[in-house]
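User: I'm new to reading protein structures, and I'd like to go through this one step by step. Can we do it as a chat?

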Amino acid sequence: MTFTHPIIELEKAALERWCNGDPASFLEISAEDVVYFDPFLPTRLDGLDKLSAYYASLRGKIFAARHEMLDPHVQEIGTAAVLTFRFVSYGDNEGAAMRWNCTEVYRKQAEGWRIVQTHWSLTGQAA
């Protein structure tokens, strides 16, 4: 039997919605004090309000015909957990792929696991 960590399932569900133009999926699993790094932003975003404003500007603009979460790994440390994975998204043309590394830190709260830190980076490597 293969065990999948609940955080991986949360992330997969959020990525599915993200790739269909709905960034709210990540807002729903983020903590109020979330911090966010993105290679397309000059600085870190601090707090759910700033992340919400940024994601509002992306709503309906991000689509992937197909995507893959590769090598997800969760390390739990008490009430915190670190998720790392590689991510590949494909546009309409299967040859056009975006390749990423992602690290997310989750905190276990009363309502469940919530993201407190996100860091996305482009890899420039083949999938």
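User: Let's start with a strand pair. Which residue of β6 does Lys108 stand opposite?

Analyst: Before we dive in, keep in mind that this is a predicted model. β5 and β6 run alongside each other in the antiparallel sense, with 10 bridges between them. Across that pairing, the β6 residue facing Lys108 is Trp113.

User: How many residues does the hairpin use to join β5 to β6?

Analyst: β5 covers residues 97-109, and β6 covers residues 112-122. The hairpin gets from one strand to the other through a short link, and the number of residues in it is 2.

User: β6 also pairs with β1, I think. In which sense do they pair, parallel or antiparallel?

Analyst: There are 4 bridges between β1 and β6. One place to look is Tyr36, which stands opposite Thr118 in β6. The sense of this pairing is parallel.

User: How many of the 11 residues in β6 are buried?

Analyst: Take Gln117, which sits in β6. Its relative accessibility is 19%, and buried means under 20%, so Gln117 counts as buried. Beyond its sequence neighbours, Gln117 is in contact with Val34, Val35, Phe37, Thr103, Glu104 and Val105. The strand as a whole is mostly covered, and its count of buried residues is 8.

User: Now the core. Which residues touch the most other members of the largest nonpolar core?

Analyst: As a general rule, in soluble globular proteins nonpolar side chains tend to be buried together. Here the largest nonpolar core has 30 residues. α1, α2, β1, α3, β3, β4, β5 and β6 each give it at least two residues. The members touching the most others are Phe26, Tyr55, Phe85 and Trp120.

User: Let's zoom in on Phe26. Is it buried or exposed?

Analyst: Phe26 is part of helix α2, residues 24-28. Leaving out neighbours within four places in sequence, its contacts are Glu11, Ala14, Leu15, Trp18, Tyr55, Glu104 and Ile115. The relative accessible area of Phe26 is 5%, so the word for it is buried.

User: And Tyr55? Which residues is it in contact with, leaving aside neighbours within four places in sequence?

Analyst: We've already met one of them, since Phe26 has Tyr55 on its own contact list. The full set for Tyr55 is Trp18, Pro23, Phe26, Leu27 and Tyr36.

User: Time for charges! How far apart are the closest N and O atoms of Asp33 and Arg107?

Analyst: Side chains of opposite charge can pair when their charged atoms come close. Asp33 and Arg107 do this as a salt bridge, with a gap of 2.8 Å.

User: How many residues apart in sequence are the parts that this pair ties together?

Analyst: Asp33 belongs to strand β1, while Arg107 belongs to strand β5. At 42% relative accessible area, Asp33 is partly exposed, and Arg107 is partly exposed too, at 28%. Because the two sit in separate strands, the bridge ties together parts whose separation in sequence is 74 residues.

User: What about Arg86 and Asp71: which strands are they in?

Analyst: Their side chains meet in a salt bridge, at 2.7 Å from N to O. The two are 15 residues apart, with Arg86 in β4 and Asp71 in β3.

User: Is Asp71 exposed or buried?

Analyst: Its partner Arg86 has 33% relative accessibility, which makes it partly exposed. Exposed means over 50%, and Asp71 has a relative accessible area of 57%, so it is exposed.

User: Those two strands form a hairpin. Which residue there takes a positive phi?

Analyst: β3 and β4 pair in the antiparallel sense over 10 bridges, and His73 stands opposite Thr84 in β4. The hairpin has 2 residues between the strands, and the one with a phi near 65° is Gly78.

User: Last one: which residues form the nonpolar patch on the surface?

Analyst: Phe40 lies in the loop between β1 and β2. With 53% relative accessibility, Phe40 counts as exposed. Together the patch residues have about 290 Å² of accessible area, and they are Phe40, Met98 and Leu122.

Note on methods. Residues are numbered from 1 along each chain as its sequence is written. This is a predicted model: local features need pLDDT of at least 70, side-chain atom pairs count only at pLDDT 80 or more; totals for chains, interfaces and linings use all residues. Side-chain values use heavy atoms; hydrogens and water are left out. Patches are made of residues with over 30% relative accessible area and no salt bridge: like charges are joined within 9 Å, nonpolar side chains (Val, Leu, Ile, Met, Phe, Trp, Tyr) within 5 Å. Accessible areas come from the Shrake-Rupley method with a 1.4 Å probe; for residues, only the protein chains shown count as cover. A salt bridge is a side-chain nitrogen of Lys or Arg within 4 Å of a carboxyl oxygen of Asp or Glu. Buried means under 20% relative accessible area, exposed over 50%, partly exposed in between (1.4 Å probe, protein chains only). Contact means heavy atoms within 4.5 Å. Two strands pair if DSSP finds at least two bridges between them. A nonpolar core is a set of buried Ala, Val, Leu, Ile, Met, Phe, Trp, Tyr and Cys residues joined through side-chain atoms within 4.5 Å.
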